Amino acid sequence: MRVCVLGAGVVGLATAWALSEAGCEVIVADAATTVGQGASAGNGAQLSYNFVAPFASPDTLRHLPALLFDKAAPVRIKPQFNLDFLRWNLAFLLACTSRKERETTVAQLALAALSRAELDIVEKTADLNFCRRVAGKLVVYRDSDSFAAARRQAEAQRGLGAEQMVLDGPECLRREPGLRIAPGLLRGGVYTPSEELGDSAAFCDGIAARLAQRNSVSFMMGGRVAPVLRDGNLVAVRANGTEIEADHFVLCLGSGSARFARACGFRLPIQPMKGYSFTFRPRDRSGELRHSVTDADRKIVFAPLDRPDGQVIRAAGIADLVGEDHRIHPNRLEAVRRGTADALDVDLDSDPTGWTGLRPATPDSRPIVGASPVPGLLLNTGHGALGWTLACGSARLAVQLLLGQEPSVPPAAFAFGR
Ligand SMILES: Cc1cc2nc3c(=O)[nH]c(=O)nc-3n(C[C@H](O)[C@H](O)[C@H](O)COP(=O)(O)OP(=O)(O)OC[C@H]3O[C@@H](n4cnc5c(N)ncnc54)[C@H](O)[C@@H]3O)c2cc1C
């Protein structure tokens, strides 16, 4: 079977790998000239297998006025007057219930567990090195109320999943000596020893190199893909004046997926959620981090990536629902830079430019995996803030659905139009 994977981000490449392992002939097509150039390039590097709670929740609903009107909030929603944006927001509001939040958390935990197991297999089979390690995650709180809520949440989750420890401020600083938050400003933290991190761009490069060695895999890079429909079926895509035909197509275009779907004649509920990151060097060895750290009240994550030439710290944050806008907004980038300087001892000149990327966000934060309304087109997109974490699991699910195999997780939770 000949399958064309649309998109060479972490989701598309994980899908291409799973298809190739299943014996398919695979073509990967992307507008960029090299792989992993979209949201997968500079993300937060968290393999966040236990922190999968959706953005849509009763708590987010309570804070909505601040998100709409506070220009300094780490999350910003800029109202846009187009039908897709209005529909997305309506669906988002309807997902802000405790029942939906619980349903999403359960579904995402199952997909995340599958993803961890699949990544283990891919890492070994393809012999990849992408700075993956079980670093543990320390989420620290500056605000008493948010720490109290986190403590209640950790206690409620006791026995349900990963082991978690609630620490006071001094214990946080002892466990993570790289943290430079003044003791008086730190209320406490929650530590989850089993959490992992890894460099998704290095994963993309590594897996693409392995795929390129196979005769049954080819890459068509450097051309935007447009659908070619015949009698309502997707039979080919056109890129750079060439038609690529295949038996099936898998849509993995990240935040570009909704546009492709529109050209096919249906709407995908995906909005770009813009974020920013830096990759800093610690000022010296004492500034290195042992764990992945989240500064919860500033909503910035820090991931120490141990590269052969020394540690770099990926600092990522900001979630702006501002449409398909790839520009760097200096104030928003500066918020991540300032937040990093307030928490760690890094050399701010080691990354003078920073990076921005668009998370492909669905209203309920779950990816969309499975059949589309167009025969010939399977969906594997909309992974939002967890695309790196979920890539290998959703690739497995997509391939199982395409090949008619028993799915490893209940597919209804991820179906289009759920
Ligand atoms: C600041 C930030 C921090 C994040 N942190 C984390 C984290 O810590 N952990 C985590 O799990 N996830 C994180 N994410 C989310 C994660 O990065 C994304 O969910 C994931 O990268 C999405 O992968 P993708 O392959 O679907 O999309 P992308 O990586 O964006 O790839 C899509 C590809 O499609 C191509 N494309 C689009 N349209 C077309 C077209 N018409 N024709 C041809 N090609 C096209 C693009 O060139 C691109 O290569 C973060 C994201 C951001 C922005």
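This passage looks at helix H11, the nonpolar core around it and the aromatic pairs of Trp388.

The model is predicted, so local features need pLDDT of at least 70 and side-chain atom pairs pLDDT 80 or more, while totals for chains, interfaces and linings use all residues. Residues are numbered from 1 along each chain as its sequence is written, and side-chain values use heavy atoms, with hydrogens and water left out.

Helix H11 covers residues 387-403 (helices are DSSP runs of H or I, at least four residues, and strands are runs of E, at least two, numbered from the N terminus). Of its 17 residues, 15 are buried, that is, under 20% relative accessible area with a 1.4 Å probe, protein chains only. Just after H11 comes Gly404, with a positive phi near 70°.

H11 also feeds the largest nonpolar core, a set of 50 residues (buried Ala, Val, Leu, Ile, Met, Phe, Trp, Tyr and Cys joined through side-chain atoms within 4.5 Å). Strand E1, helix H1, strand E2, helix H5 and helix H8 each give two or more residues to this core, but H11 gives the most, with 9.

Then there are the aromatic pairs, 8 in total (ring centres within 6.5 Å, using the six-membered ring of Trp; planes under 30 degrees apart are stacked, over 60 edge-to-face, the rest tilted). Phe130 and Trp388 have ring centres 5.7 Å apart and planes at 75°, so they pair edge-to-face. Phe130 sits in the loop between H5 and strand E5 and Trp388 in H11, so this pair ties together parts 258 residues apart in sequence. Trp388 is buried at 5% relative accessibility. With Phe203 of helix H8, Trp388 makes a tilted pair, since the ring centres are 5.2 Å apart and the planes at 50°.

How values were computed. The expected span of a helix is 1.5 Å times one less than its number of residues.
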